[in-house]
Amino acid sequence: MAKPKISSDWMCGCAGCHMSLLDIDERILTIAELTDIRATPITDLKEPDESGVDVGILEGGINNTANEEVAHRMRKRCKLLVALGDCAVFGGVPAMRNFFTIEEALRRAYVETESTDSEGKIPSDPELARMTRVRAIHEVVPVDIFLPGCPPDPDAIFYVLSELAQGRKPELKGDLLHWR
Ligand code: SF4
């Protein structure tokens, strides 16, 4: 029987959830044995196979049109979609800027930040103009499995991946929902 194919990608986050995934340490070999790990942001292949994968994993919220494209592409190409981490599940830290206007957020980031010198100015990059309110993934595409945490505990990530790898739907509860 073919191994389930897994792909991951990230959007508006800090990469910490993927670092927590790497923190499953040597258990990554178990996952590699049980699955066919395809594209990830930390491997050479960056996009999930056009022919599709069994499990898609997305880190980060959705902040702009580039993030939207990543979410739609993964949703279209995977059978089961996992929202990895608080940013993916409900917007997390990046969604704190939803309390401000985009102009205020850009000014804070590029002009008022303590490390910015007096020459600081907002870049005229068209992508910045396409920024939207930060959204959780499920506000843009349907999600099958929510794996919260900032970042999620490596044990919880291993549990979810190993259950999916063996064709079971993981049930996150108890200790797996907080750091130990
Ligand atoms: S949930 Fe936390 S660790 Fe994961 S991307 Fe967001 S801020 Fe980073």
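Fifteen residues is a fair crowd for one site: the largest pocket is lined by 15 residues, and L21, I28, I37, T40 and I42 are the ones nearest its centre. A pocket here is an open set of points on a 1 Å grid over the protein atoms alone, with protein on both sides within 12 Å along at least five of seven lines, and lining residues have an atom within 4 Å of a point. The model is a predicted one, in which local features need pLDDT of at least 70 and side-chain atom pairs count only at pLDDT 80 or more, while totals for chains, interfaces and linings use all residues. Residues are numbered from 1 along each chain as its sequence is written, and side-chain values use heavy atoms, with hydrogens and water left out.

The largest pocket has a volume of about 200 Å³, a volume being the space filled by probe spheres set on grid points that are joined across faces, edges and corners. Strand β1 and helices α1 and α2 each give at least two residues to its lining. Helices (H or I, at least four residues) and strands (E, at least two) are DSSP runs, numbered from the N terminus. The lining splits into 10 nonpolar, 5 polar and no charged residues. In this count Ala, Val, Leu, Ile, Met, Phe, Trp, Tyr, Cys and Pro are nonpolar, Asp, Glu, Lys and Arg are charged, and the others, Gly among them, are polar.

The second largest pocket, at about 180 Å³, is lined by 14 residues, with P4, D54, L80, L164 and G167 nearest its centre. Its lining takes at least two residues each from β3, β4 and α7, and this time 5 charged residues join 7 nonpolar and 2 polar ones.

There is also 1 cavity of 30 Å³ or more, a cavity being a set of points where a 1.4 Å probe fits but cannot get out. Its volume is about 40 Å³, and I57, V82, L84, L147, I157, V160 and L161 line it. All 7 of these count as nonpolar. Helix α7 (154-165) supplies the largest share of the lining, 3 residues.

Two of those lining residues turn up again around C17, a residue of helix α1. Leaving aside residues up to four places away in sequence, C17 touches E59, L84, G85, P151, P152 and I157, where contact means heavy atoms within 4.5 Å. C17 and P152 sit 135 residues apart along the chain, yet their C-alpha atoms are separated by 6.6 Å. C17 has a relative accessible area of 10%, so it is buried (under 20%; exposed is over 50% and partly exposed in between, with a 1.4 Å probe and protein chains only).

A few backbone oddities deserve a mention. The peptide bond from C150 to P151 is cis, with omega near -10°, and P151 lies in the loop between β5 (145-147) and α7. A15, in the loop between β1 and α1 (16-22), has a positive phi of about 80° despite not being a glycine; its relative accessibility is 19%, so A15 counts as buried. D25, in the loop between α1 and α2 (27-34), also has a positive phi, near 55°, but is partly exposed at 46%.

Finally, in helix α3 (residues 65-77), N67, V70, A71, M74, R75 and R77 are buried. These residues pack against β1 (5-10), β3 (53-59) and β4 (78-84).

How values were computed
Expected span 1.5 Å × (residues − 1).
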